[in-house]
Amino acid sequence: MRSGRFVAAGRVRRGNFDEDTAYSKGRSWPVEEVRLLPPVRPRNIVCLGRNYAEHARELGHTIPERPLLFLKPPSSVVGPGDPIVLPPSPRVDYEGELAVVIGRRCRNVSPRRAEDVILGYTCLNDVTDRDAQGWEQNWVRAKGFDTSCPLGPWVVSPDELEFPLVVETRLNGELRQRGDTRLLLLGIPETIAEISSFMALDRGDVIATGTPSGVGPLRAGDTVQVSIDGIGCLANPVRASSR
Ligand code: ZN
């Protein structure tokens with residue numbers, strides 16, 4: 001467990017109370033006494049598609065000329081340990097990703113100034129209904145269903161991290177994805193510049209930087225873990241749809 005002073009933001013529940021940004025207020029409790037909530041409540045979650053060449057190839061896609069962007073709704077976010085509830089679909093995949101958390105409202109950020117607007121980094125699982133992604137164009141169902149955005153366990157400040165960061169995904173303990181940030185086609189500063197050129201980003205907003213190769217299906221009863229060195233591990237059980 002990281003000590004609280006390394007953590008830029010986190011939210012916990014004790015008893016019936018949500019303690020928003022508990023870490024940033026400088027308060028701390030033993031991790032066994034709290035339930036970790038998603039560390040931020042993003043207003044927008046902006047995601048990059050096909051930002052690792054190997055992953056684009058494994059799905060039979062070409063690498064886009066301009067960055068491929070899509071949104072996940074804030075309602076899709078769940079925290080560490082919360083179940084991913086599978087929609088009724090023949091194939092739902094995990095996608096382990098590094099998430100950038102924005103620290104202040106900004107617009108038209110140049111790549112050179114991008115680090116000024118970053119609060120920190122956390123883990124994200126861009127859970128995807130691969131079947132729906134094949135038949136709908138804008139991915140609302142494929143990427144937006146409830147529980148499709150596990151986020152956490154906490155946000156770590158950039159000054160506590162050493163790049164490149166390694167993103168790993170394990171399914172039931174078995175390593176399935178491994179990528180590092182040197183392989184990102186569009187780097188983090190350029191990504192912030194691109195997105196902020198057409199929309200304002202706000203404190204707590206999240207940018208998902210894309211997934212490395214090795215995506216694969218989830219089944220009820222699985223546990224999926226996204227871990228990043230220096231940040232931590234985001235683990236979620238998988239449940240069947242109640243429908
Ligand atoms: Zn993704």
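**Group meeting: helix, metal site and domains in a predicted model**

Good morning. I begin with helix α4, whose buried residues are I188, T191, I192, A193, E194, I195 and S196. Please keep in mind throughout that the structure before you is a predicted model.

Helix α4 runs over residues 188-196, and seven of its nine residues are buried, so the helix is largely enclosed by the rest of the structure. What lies over those buried residues? The cover includes the strands β5 (45-49), β6 (68-72), β10, β11 and β16 (206-208).

Let us turn to the zinc ion. Which residues coordinate it? The donors are E95 and E97, each through OE, and D126 through OD, at 2.0 to 2.1 Å. Written as a pattern along the sequence, the spacing of these donor residues is E-x1-E-x28-D. E97 and D126 thus form a pair that links distant parts of the chain, 29 residues apart. E97 belongs to strand β10 (residues 96-102), whereas D126 is in the loop between β11 (118-125) and β12 (128-129).

Are these two residues buried or exposed? The threshold for calling a residue buried is a relative accessible area under 20%. E97 has 1%, and therefore counts as buried. D126 also has a relative accessibility of 1%, so D126 is buried too.

D126 leads us to a further residue, S148, since D126 is among the residues that S148 touches. The others, leaving out residues up to four places away in sequence, are K72, S76, N125, V127 and K143. S148 sits in the loop between α3 (140-144) and β13 (149-156). Its relative accessible area is 0%, so S148 is buried. The side chain of S148 also reaches the backbone oxygen of F145, at 2.7 Å.

Next, I would like to consider a sheet. In general, the strands of a sheet pair through backbone hydrogen bonds, either parallel or antiparallel. Here we have an open sheet of three strands in the order β12-β9-β17, and the pairing is antiparallel. Why does one side of β12 and of β17 (216-217) have no neighbour in the sheet? These strands stand at the edges, and each has a single partner strand, so one side of each is left without a neighbour there. Between strand β9 (residues 92-94) and β12 there are two bridges. In one example of bridge partners, D93 is matched with T128 in β12.

Strand β9 also holds Y94. With a relative accessible area of 1%, Y94 is buried. Beyond its neighbours within four places in sequence, Y94 is in contact with several residues, among them N125, T169, L171, R176, Q177 and V224. G214 is also one of its contacts, and the side chain of Y94 reaches the backbone oxygen of G214 at 2.8 Å. The C-alpha atoms of Y94 and R170 are separated by 9.6 Å, although these residues are 76 places apart along the chain.

Finally, let us look at the chain as a whole. The domain assignment divides it into domain 1 (1-37) and domain 2 (38-240). The C-alpha centres of the two domains lie 22 Å apart. How many residues take part in the contact between them? Domain 1 contributes 14 residues and domain 2 contributes 16 residues. The area buried between the domains is about 1300 Å², and carbon and sulfur atoms give 53% of that area.

Thank you for your attention.

Definitions and conventions. Residues are numbered from 1 along each chain as its sequence is written. This is a predicted model: local features need pLDDT of at least 70, side-chain atom pairs count only at pLDDT 80 or more; totals for chains, interfaces and linings use all residues. Side-chain values use heavy atoms; hydrogens and water are left out. Helices (H or I, at least four residues) and strands (E, at least two) are DSSP runs, numbered from the N terminus. Buried means under 20% relative accessible area, exposed over 50%, partly exposed in between (1.4 Å probe, protein chains only). A polar contact is a pair of N or O atoms within 3.5 Å; within protein, one must be able to donate a hydrogen and the other to accept it, and residues adjacent in sequence count only if both atoms are side-chain atoms. Contact means heavy atoms within 4.5 Å. Donors are N, O and S atoms within 2.8 Å of the metal (3.2 Å for Na, K and Ca); water is not among the atoms, so sites may look incomplete. Two strands pair if DSSP finds at least two bridges between them. Domain bounds come from an automatic or database domain assignment. Buried area is the accessible area (1.4 Å probe) that two parts lose on being put together, summed over both.
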